[in-house]
Protein chains: 2
Amino acid sequence: MTVTLADVAARARVSPATVSRVLNGNYPVAASTRERVLRAVDDLDYVLNGPASSLAAATSDLVGILVNDIADPFFGIMAGAAQTQIGGPGDGSGRAGGEKLAVICNTGGSPERELTYLTLLQRQRAAAVVLTGGAVEDPAHQAAIAAKLAKLADAGTRIVFCGRPPLPEGDALVAALAFDNRGGGRRLTEHLISLGHRRIGYVAGPPERTTTRHRLEGHREALRAAGAVEEGGTAEGAEAEDRLTVHGPYDRRSGYEATLELLRRAPDVTAIVAANDTVALGACAAVRDQGMRIPQDISVAGFDDLPFSVDAVPALTTVRLPLFEAGARAGRLAMGKENPPPGGIATIAAELMIRGSTAAPRG
Amino acid sequence: MTVTLADVAARARVSPATVSRVLNGNYPVAASTRERVLRAVDDLDYVLNGPASSLAAATSDLVGILVNDIADPFFGIMAGAAQTQIGGPGDGSGRAGGEKLAVICNTGGSPERELTYLTLLQRQRAAAVVLTGGAVEDPAHQAAIAAKLAKLADAGTRIVFCGRPPLPEGDALVAALAFDNRGGGRRLTEHLISLGHRRIGYVAGPPERTTTRHRLEGHREALRAAGAVEEGGTAEGAEAEDRLTVHGPYDRRSGYEATLELLRRAPDVTAIVAANDTVALGACAAVRDQGMRIPQDISVAGFDDLPFSVDAVPALTTVRLPLFEAGARAGRLAMGKENPPPGGIATIAAELMIRGSTAAPRG
DNA sequence: CTGTTAGCGCGTTCAC
DNA sequence: GTGAACGCGCTAACAG
């Protein structure tokens, strides 16, 4: 029923080994022989049996890309970019030569599903795995993931982090591309402070995530440096900080509700910083629904600079992360097309984008 | 170095076949034996060899999901939804039982890459393939895809279309979930006409795509039914229609530039309909940059009702497509958890969402 | 319910 | 430059 290597060999009047060599292009083969084999392949519509090939070679052409939420363009952009570097250009014939199969796995932000996917990828003997986005900080999960990654690396799977801080143990087994979330968060709030804001609400992401923590830390660093709040070390300072911070998921609804809550807790806030652009959009909606104008009555800022942020009205002040470039680089690292950064870790700069949604507070 | 089934069997003092049976859960095994085997698996940190297993079983646990552009939430939402139905809930142990590996493949809208991915999936002996989004209408590619799908189906791969019209030949080998793009487009333009609009610009998607064509056809149906333009059959009618239509990719920039072009060609348009919400956002930006207000000076409408559309200012009138539900259903069809619709094809309704970006034309 | 026996289709030594 | 032989790790019949 299904055509095998042996069938092709018979038709081309060569041995199966020769067909294999032609297909993989790893050994010298006479041009005339190669020609004959390729013709037989086309005639028979032969398609290599991936599992058999992977079994014999002890490695597959699968590359996994793990994302927290594929419906979020933040991840979509990175994953798509990584795939452009992995899938290969294709030769237009649809014949599929030595391409890798880049596959995106949606963890939904759940550490369990992340582990499950890693196991599935391990089972497939994946050639490489790219982990994108912030990590959950629970020590048990950290350890479980680290152990799993160690096993994968041990089996020859290349590991790349993209937009994710390196493991605490600083394993040499991964290349890590980390976003400067802390620095970006700091500069964003510094901008607000320089405009004259002092009471700034913060809609944070889910607790226990590195991205959430780093962005929030940057924000508070800026606040403290400006003396806008007392040192977090003091009871008063910590309390004030907590009162102006609300946590929630990275979605629009969370931004809406958290903003309402902030406005209730502290009606005198003059600015709201959101954990990301999607959340910021929800915050904007909430502000408007309360009958306030942006930025005249209240400033709003986001993070990431997703494509839609420039089209918000007013355009959203935010922190630009080079998601596409980072994803593409991660893809190249996964393919071994590019050397890992020195020390295995590179920090990717975040750029402040000042637009219409922030202005000086009134009065 | 790597632990195999035989190692587990030895440690559990059973035969390899028994271990296989426990792992796959397809045959009855005594509880005590199962217990012993599972303990051995955990002790040894055993992970099944996917390729070997697929080779022997002649089928793999891979399910492919093809999308045009994963950075676009339109696809991200569908793909993520499909994955929730395929990945299995996971048992929280990260052990990965009988789960399928749902993988998203980004074709970039290129038919060649689509074919390449299908070949790759065929090579992996994928259990199922879900194709999302509109198809390219070039007959050569249609035929190539149809032939490839036939071969996949022949090899036992289940084929599901999601948001994509069924193949012309109407093969019984696929289950198709098609969006009512034509009906949605018609109702949207009927809404505009009922508000009093007669000169309506249309920013269409790329030519030769089913989605583009169907939405545009719906638009023109409404126009003709209202007598807003002469019959397309006449030279005058066709010319007028063409003058008020600009094609471009499904992105923000295209919406911006096409709108500028439309405004140049026909400064008296009172409304602009965009091929989708992302394009509509670009259209809004162009309208504003020309110093006009939405909807007072000009109405704008989109399609899809992506999450950000309700947060546009003013909120975008659009056509809601149940992307998540459709993706989830496609996932279930791919898993064989749900019976195919009668005739193999189901049309999914599109719902008109009237919001602030459309109003009666002035004067 | 469990063990034994054959391959699944291909990559890779070796020889020639 | 090419062919022959072996084994990758597992599942699927069969027995028992």
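Q: Which residues are closest to DNA strand D?
A: This is a predicted model. In it, the closest are A:R21, A:T33, B:L5, B:S20 and B:Y46.

Q: And how many residues surround DNA strand D?
A: There are 23.

Q: What share of the strand D atoms within 4 Å of the protein is sugar and phosphate?
A: Sugar and phosphate make up 68% of those atoms.

Q: What lies 2.4 Å from a phosphate oxygen of DNA strand D?
A: An N or O atom in the side chain of A:T33. The side chain of B:N24 also has an N or O atom 3.1 Å from a phosphate oxygen of that strand. With A:S15 the atom is a backbone N or O, 2.9 Å from a phosphate oxygen.

Q: Which helices supply at least two residues each of the surface near strand D?
A: α2 (16-24) and α4 (50-57) of chain A do, and so do α2 (16-24) and α4 (50-57) of chain B.

Q: How many residues of that surface are nonpolar, polar or charged?
A: The surface near DNA strand D has 13 nonpolar, eight polar and two charged residues.

Q: New topic. Which residues of helix α1 in chain A are buried?
A: A:V8, A:A9 and A:A12.

Q: Why are they on the same side of α1(A)?
A: Because they cover an arc of only 100° around the axis. In general, an α-helix has 3.6 residues a turn, so residues three or four places apart point the same way.

Q: What do the buried residues of α1(A) pack against?
A: They pack against α2 and α3 (31-44) of chain A.

Q: What follows α1(A)?
A: A:R13, with a positive phi near 55°.

Notes
Residues numbered from 1 in each chain as written. Chains lettered and ligands numbered in written order. Predicted model: local features only at pLDDT ≥ 70, side-chain atom pairs only at ≥ 80, totals over all residues. Heavy atoms only, no water. Near = heavy atom within 4 Å. Polar contact = N/O pair within 3.5 Å; in protein donor to acceptor, adjacent residues only side chain to side chain. Helix = DSSP H or I, 4+ residues; strand = E, 2+ residues; numbered from the N terminus. Nonpolar A, V, L, I, M, F, W, Y, C, P; charged D, E, K, R; others polar. Buried < 20%, exposed > 50% of the residue type's maximum accessible area, 1.4 Å probe, protein only. Arc of directions from axis to C-beta. Contact = heavy atoms within 4.5 Å.
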